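Biologist: I would like to learn how to read a model like this one. Could we start with the ligand and then work outwards?

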Amino acid sequence: MAGPLDDRPAPGRAALEALTGGAPYLDFSNLSVGYGRAEIVHGLDLALGRGQSLCFIGPNGAGKSTVLHGLFGFADILGGTVRLDGRDVTRLPSSRKLAEAGIAYVLQDNSVFPDLTVEENLLMGGYLLPAAAARAAMERALARYDRLAKRRRERAGVLSGGERRLLEIARALVMEPAVLLIDEPSIGLEPRYIDLVFEVLADLRAKDGKTIVMVEQNAKKGLEFADIGYVLVAGRLALAGRGSDLLADPRVGRLFLGG
Ligand SMILES: Nc1ncnc2c1ncn2[C@@H]1O[C@H](COP(=O)(O)OP(=O)(O)OP(=O)(O)O)[C@@H](O)[C@H]1O
Ligand SMILES: [Mg+2]
C-alpha cells in the first residue's frame, strides 16, 4: 500500500524546523520506540512549535500509536531524546510527565469508566492532585462543557459515543496540560460527533494555546485541523508538511484520502 513513499529519504531536520515558525517547543531527536526489544519506530525526528498541532497519519501498524505511547511513557524509548520547552523529558515516568512536564494523553481505546459518573470520571483525571484541587478542576471542566454538566451525576456508560470522547478529553484537561496527546479522536463516531470533537480541539488550541499531537485515521479531518502533518510508514517518517499542503499532495490523496 505504501510503496510510493517507501524509498524516499526522510525529511531532514531543517525541513521539519521550517514548519514550526520558531524554536521547537516539542522536539524529538532520532527517537526509537518499541516494546521490549522490538523496535517499532526508528529514529524519528519531530519539531513542533508551542500552540501548534501536529497530526500523524499512516497505514495500520505503522507505529503511530507507539509514538504517543513512547512520548507518554507507555512504551520503551530505545534511543534518542525528547525535549519539551528545552527540558529533556525522555526518561520521565508517565506520572511525572503528567504532573511536572504537563503532558496528558487521551488513549485510542474507549477509556471512560462506564460504571462511574461523569463527575467521578473527571475526578479520576485529577488523581495526582489533592482532593480539593481535583474537585475544583472538575468544576472548571463542567463549567466549560455544558453537555457534560447536564449529565454530571449519570453513569458515563449511558453517554453517547461523542459525549464519552468529550469526557475523555475533559478528563485529560483536569491536570491543565500544556501538551495534549490524542489518539484517533474521531474513531467510531458519527459525523456530527466527529465535528464536535474537532471543534473542541480547535477551541483548546485557539483559546488555551494547547500544543496538540494527534493520530488520526480520518486523514482528511486530521490534516484539515493540524498545522503540521507527518506521514509515518513502517515506523519511519515518509513525508512532512503543512496539513493543508499534505491534503493537496496527490501521493497523500492516493494513499490516505481515497482519491
Ligand atoms: N503493547 C505492545 N506490545 C508489543 N507490540 C505492540 C504493542 N502495541 C503495538 N505493538 C506493535 O507495534 C506495531 C505498531 O502498532 P501501533 O499500534 O503503533 O500502530 P498504529 O500505526 O497506531 O496502527 P493503527 O492505525 O492500527 O492504530 C504493530 O506491529 C503492533 O503489533
Ligand atoms: Mg493506533
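Modeller: The model is predicted. Begin with the shell around ligand 1, to which helix 3 gives the most, with three residues.

Biologist: Which residues are around ligand 1?

Modeller: The residues there are Y35, A38, I40, G58, N60, G61, A62, G63, K64, S65, T66 and Q217. Two or more of these come from strand 2 (38–48), and two or more from helix 3.

Biologist: How do the residues of that shell divide into nonpolar, polar and charged?

Modeller: Seven are polar, four are nonpolar and one is charged. Glycine counts as polar in this scheme.

Biologist: Now helix 3 itself. How many of its residues are buried?

Modeller: Burial is judged by counting neighbours: a residue is buried if 20 or more other C-beta atoms lie within 10 Å of its own. In helix 3 (residues 64–72), eight of the nine residues pass, so the rest of the structure largely encloses this helix. The buried ones are K64, T66, V67, L68, H69, G70, L71 and F72. Of these, K64 and T66 are also among the residues around ligand 1.

Biologist: What follows helix 3?

Modeller: G73 comes next, with a positive phi near 105 degrees.

Biologist: How should I read the faces of a helix?

Modeller: An α-helix has 3.6 residues a turn, so residues three or four places apart point the same way. Helix 8 is a case where burial takes in nearly the whole helix: twelve of its 13 residues are buried, and it is therefore largely enclosed by the rest of the structure. The buried set is G162, E163, R164, R165, L166, L167, E168, I169, A170, R171, A172 and L173.

Biologist: Which elements do the buried residues of helix 8 pack against?

Modeller: They pack against strand 6 (103–106) and strand 7 (179–183), and against helix 5 (118–125), helix 6 (131–144), helix 7 (146–149) and helix 9 (191–208).

Biologist: What does the length of helix 8 tell me?

Modeller: Compare the span with the expected rise. Helix 8 (residues 161–173) reaches 19 Å from its first C-alpha to its last, close to the 18 Å expected at 1.5 Å a residue.

Biologist: And the chain as a whole?

Modeller: The chain has twelve helices and ten strands, and 45% of its 259 residues count as buried. A compact globule with 259 residues would have a radius of gyration near 18 Å, and the chain agrees, with 18 Å. Its C-alpha trace spans about 55 × 40 × 35 Å along the principal axes.

Biologist: What share of the contacts with a separation of 6 or more joins residues 24 or more positions apart?

Modeller: Such pairs account for 69% of those contacts in the chain.

Conventions:
Residues numbered from 1 in each chain as written. Chains lettered and ligands numbered in written order. Predicted model: local features only at pLDDT ≥ 70, side-chain atom pairs only at ≥ 80, totals over all residues. Helix = DSSP H or I, 4+ residues; strand = E, 2+ residues; numbered from the N terminus. Rg over C-alpha atoms; globule rule 2.2 N^0.38 Å. Contact = placed C-beta atoms within 7 Å. Expected span 1.5 Å × (residues − 1). Near = placed C-beta within 6 Å.
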